Amino acid sequence: MIHIAICDDEKHMCEHIRTLVSDFFRRKNREICLRTFSGGEELLRYGGQIDLLFLDIQMKGMDGMETARKLRAGRFRGFLIFITVLKEMVFESFEVQAYDYLVKPVEEKQFAKTMERLYTSMQNACEGSLLVQKGYEGRIISKGEIVFCEIIDRKIYLNLVSGEVVDYYERIENLETKLGDRFFRCHRSYLISLEHLKGYKNGTAYMDNGREVPVSRLRSKEFSGVVLQYMKSL
């Protein structure tokens, strides 16, 4: 599921973008969760996941540019598309890593052209990411954020660079396939990121977040070879 937010203080523009977005993803057969916000302050109070944000630049109170700065300073790493009447404001959008901008009034052809490019970018980004499904909620996590994974009682615990631990139900064999060859199953209960491996000694892998992960005797020889291959590929 793709989590989408639209923030514009003009109600009719919110509804217009909502219709265009819904129609586009319906044609792609992709399930979305869509929320609308009437201002920057309201959007900043929302603590849920946002994968794609349509944000009006000119709004009453906090404008879109300031809202985007605060979002990027926090946890928002999704795609950002500005909605604007002033093309010259777009030069500031590079500061907040905006993907593109739509000029009001937003025409269907202009919207479709932008969204086709964005959809391709989203698919490419997902190749380097992991979709974590918990019940009816989904979250996209960059593989580069994962230091190591641990399984306890059929539950996966993803230990992230930020220190956060994300837990969900998944077979470790399935996770191993999804993560690919930059991760290694060093133990029946652990998968480690070779990118975050700091050292290895006496059956212990030392990760760059300060954690120590056991390496089983059965996998130690293979582990040394995998690390050498990884180093050669850099």
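**Entry 1: strands**

I began with I81, which stands opposite D100 in strand 5. I note at the outset that this is a predicted model. Strand 5 runs parallel to strand 4 (residues 79-84), and I found 4 bridges joining the two.

I then looked up the sheet these strands belong to. It is an open sheet of 5 strands in the order 2-1-3-4-5, and the pairing is parallel. At its edges I found strand 2 (32-37) and strand 5 (100-103); each has a single partner strand, so one side of each is left without a neighbour in the sheet. Leaving direction aside, I noted an average turn of 15° between neighbouring strands of this sheet. As general background, I wrote down that strands of a sheet pair through backbone hydrogen bonds, either parallel or antiparallel.

Next I checked what helix 1 does here. Helix 1 lies across strand 1 (2-7), strand 2, strand 3 (52-56) and strand 4, and its angle to strand 2 is about 170°.

**Entry 2: cores**

I asked which residues touch the most other members of the largest nonpolar core. They are F25, L52, F54, F111 and M115, in a core of 23 residues. I listed the elements that supply at least two residues each: strand 1, helix 1, strand 3, strand 4 and helix 4. Helix 1 gives the most, with 7 residues.

I followed F54 further. Leaving out residues up to four places away in sequence, I found F54 touching I4, A5, I6, C7, I17, V21, I81, I83, L102, F111 and M115. I81, where I started, is thus on the list of contacts of F54.

Apart from this core I found another, of 17 residues, with F37, L43, I50 and F82 among them. My general note for this entry is that in soluble globular proteins, nonpolar side chains tend to be buried together.

**Entry 3: aromatic pairs**

I searched the whole structure for aromatic pairs, and the search gave 9. I took F24 and Y119 for a closer look: the ring centres are 6.1 Å apart and the planes stand at 75°, so I count the pair as edge-to-face. F24 lies in helix 1 (residues 11-27) and Y119 in helix 4 (residues 108-127), so the pair ties together parts that are 95 residues apart in sequence.

Are F24 and Y119 buried or exposed? F24 has 1% relative accessibility and counts as buried. Y119 is buried too, with a relative accessible area of 10%.

I also looked at F37 and Y46, whose aromatic pair is tilted, with 5.3 Å from centre to centre and 50° between the planes. F37 is buried at a relative accessible area of 7%, whereas Y46, at 25%, is partly exposed. I noted one cluster as well: ring pairs link F24, F25 and Y119.

**Entry 4: S193 and R182**

I looked up S193 and found it in strand 12 (residues 190-193). S193 is buried, with a relative accessible area of 1%. I listed its contacts, not counting residues up to four places away in sequence: I146, V147, R182, F183 and M207.

From that list I picked R182. R182 lies in the loop between helix 5 (172-179) and strand 11 (183-187). Its relative accessible area is 40%, so I put it down as partly exposed. Last, I checked R182 against R18: they are 164 residues apart along the chain, and their C-alpha atoms are separated by 39 Å.

Technical notes: Residues numbered from 1 in each chain as written. Predicted model: local features only at pLDDT ≥ 70, side-chain atom pairs only at ≥ 80, totals over all residues. Heavy atoms only, no water. Phe/Tyr/Trp six-rings, centres within 6.5 Å; stacked < 30°, edge-to-face > 60°. Buried < 20%, exposed > 50% of the residue type's maximum accessible area, 1.4 Å probe, protein only. Pairing = 2+ DSSP bridges. Axes fitted to C-alpha atoms, helices over the stretch in contact; angles between N-to-C directions. Contact = heavy atoms within 4.5 Å. Core = buried A, V, L, I, M, F, W, Y, C linked by side-chain atoms within 4.5 Å.
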